[in-house]
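I opened this notebook page to record what I looked up, going from the overall build to the cysteines and then to one strand and its partners.

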Amino acid sequence: MKSEKKEALEKTEFAEELLAWYFEHKRQMPWRETHEPYAIWLSEIMLQQTQVVTVIDYFNRFIKKYPDVFSLAQAHEEDVMKLWEGLGYYSRARNLMKCARQVVDLYEGVFPQDLKRLKQLAGIGPYTAGAIASIAFNQPVPAVDGNVMRVFSRVERIAADISNTKSKQVFETTVMKYMPEDARHFNQALMELGARICTPKSPTCDQCPVQKFCKGHEMGDYLKYPVKLKKVKQKHVYVAMAIVESEGQYCVVKQTDRNLLRDLWTFPFVESYEEKTVASLGNLLENALKENLAMDIQVKDVLSEIKHVYTHLIWHVIPMIFEAETFPEVDYPLTQYVDKEGLEALALPTVVKKVLLRLEEEDMIG
């Protein structure tokens with residue numbers, strides 16, 4: 001059994017070795033050039049479920065248009081959604097605006113430094129609060145994401161199921177045992193290690209700065225960690241999407257009651273959780289166009305299926321082409337008729353962009 005003093009020294013050495021590696025090998029990212037809490041918060045929200053390489057350009061464009069929390073708090077929702085277009089998980093963008101307004105209204109534009117107040121803000125959970133508190137303010141608090149859980153599950157051979165939210169406390173406690181004074185860079189170093197070295201399937205242990213401290217490597221069973229028992233089962237959704245054209249104009253509707261696409265513009269569509277023939281989906285779509293948009297028209301052409309994958313859903317989209325002599329005046333909420341240029345100016349989800357690309361490839365949109 002190791003003495004408590006020896007264990008404490010090893011944890012100190014672990015942190016020192018990790019930080020030395022981080023300062024030499026860290027990736028250059030725009031949000032790492034500052035400790036300003038607005039930039040840290042924005043980057044952390046963008047990085048949720050999204051790769052760093054994708055986020056960098058979005059972050060730079062966002063910061064350029066909304067350089068501080070005050071400008072974002074005053075932004076128009078449509079402008080923010082358009083700027084966010086393509087990042088997915090659009091509830092993040094809505095919470096971004098809500099949080100900015102809370103910071104301005106409640107804290108005069110200054111982000112709070114303590115975890116409790118941070119977690120009370122819209123869209124900020126335990127991890128994001130820990131990241132802001134530690135990176136922006138150097139507070140000695142954990143910021144435990146999937147990378148950090150993977151690192152310490154291997155270092156300490158922790159068998160806690162990472163799909164169980166209760167396991168987070170186990171890893172937060174473990175991180176705090178290793179926490180040095182430089183919490184700001186230690187938390188980032190752990191994330192960097194997990195993202196680049198201690199990867200899920202093919203970790204490069206020979207390049208790991210803390211290999212000698214890793215019990216999983218010592219025992220040769222590091223690939224058994226982390227333990228994840230619950231698997232997300234994706235549902236299949238079968239979608240018929242209407243591209244209705246009249247004299248170079250296209251019918252689009254704003255989604256107001258669907259959490260997945262809320263506040264985004266799409267072509268009209270219907271969906272089914274049961275697999276249906278193209279003909280039966282077409283009938284459903286024609287009926288919806290007639291009922292909601294007063295369009296009594298028939299399918300002119302059908303394109304091949306486009307698959308679009310969300311975290312919990314797989315969409316099987318069948319684009320269906322319609323041609324109308326004129327567009328009727330309807331009371332259906334938030335309907336527009338726009339040309340291709342006007343369409344591209346709207347905030348569109350990625351699935352609609354895929355449909356547009358297919359239309360362009362088939363020379364069906366001008």
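I began with the secondary structure of this predicted model, and I counted 15 helices and eight strands in the protein. I then looked up the extent of the C-alpha atoms, which fill a box of roughly 85 × 50 × 35 Å when it is taken along the principal axes.

For the degree of burial, I noted that 49% of the 366 residues in the protein are buried. The accessible surface comes to about 19,200 Å², and carbon and sulfur atoms contribute 48% of that area. I also checked how the contacts are spread along the sequence: of those with a separation of 6 or more, 69% are between residues 24 or more positions apart.

Next I turned to charge, where I found 46 positive and 52 negative side chains, with the centres of the two sets 9 Å apart.

How many disulfides are there in the model? Taking a disulfide as a pair of cysteine sulfur atoms within 2.5 Å, I arrived at a count of zero. I looked at C208 in particular, and its closest cysteine sulfur is in C198 at 6.5 Å, so the two are too far apart for a bond. I looked up C99 as well, and I recorded this residue as buried, with a relative accessible area of 0%.

I then followed strand β1, which covers residues 235–246, and found this strand mostly covered, since nine of its twelve residues are buried. Which strands does β1 pair with, and in what sense?

My entry for β7 (residues 313–323) is that this strand runs parallel to β1 and that the pair is joined over eleven bridges; within the pairing, V244 has F322 of β7 as its bridge partner.

My entry for β4 (residues 269–272) is that this strand runs antiparallel to β1, with four bridges between them; here I noted A240 with V270 of β4 as its bridge partner.

My entry for β2 (residues 249–254) is that this strand is also antiparallel to β1, and that two bridges join them; E245 is matched there with Y250 of β2. Because β1 and β2 form a hairpin with two residues between the strands, I looked at the backbone of the turn too, and I found that E247 takes a positive phi near 50 degrees.

How values were computed. Residues numbered from 1 in each chain as written. Predicted model: local features only at pLDDT ≥ 70, side-chain atom pairs only at ≥ 80, totals over all residues. Heavy atoms only, no water. Buried < 20%, exposed > 50% of the residue type's maximum accessible area, 1.4 Å probe, protein only. Contact = heavy atoms within 4.5 Å. Areas by Shrake-Rupley, 256 points an atom, 1.4 Å probe, with all protein chains shown as cover. Lys, Arg positive; Asp, Glu negative; His and termini not counted. Charge placed at Lys NZ, Arg CZ, Asp CG, Glu CD. Pairing = 2+ DSSP bridges.
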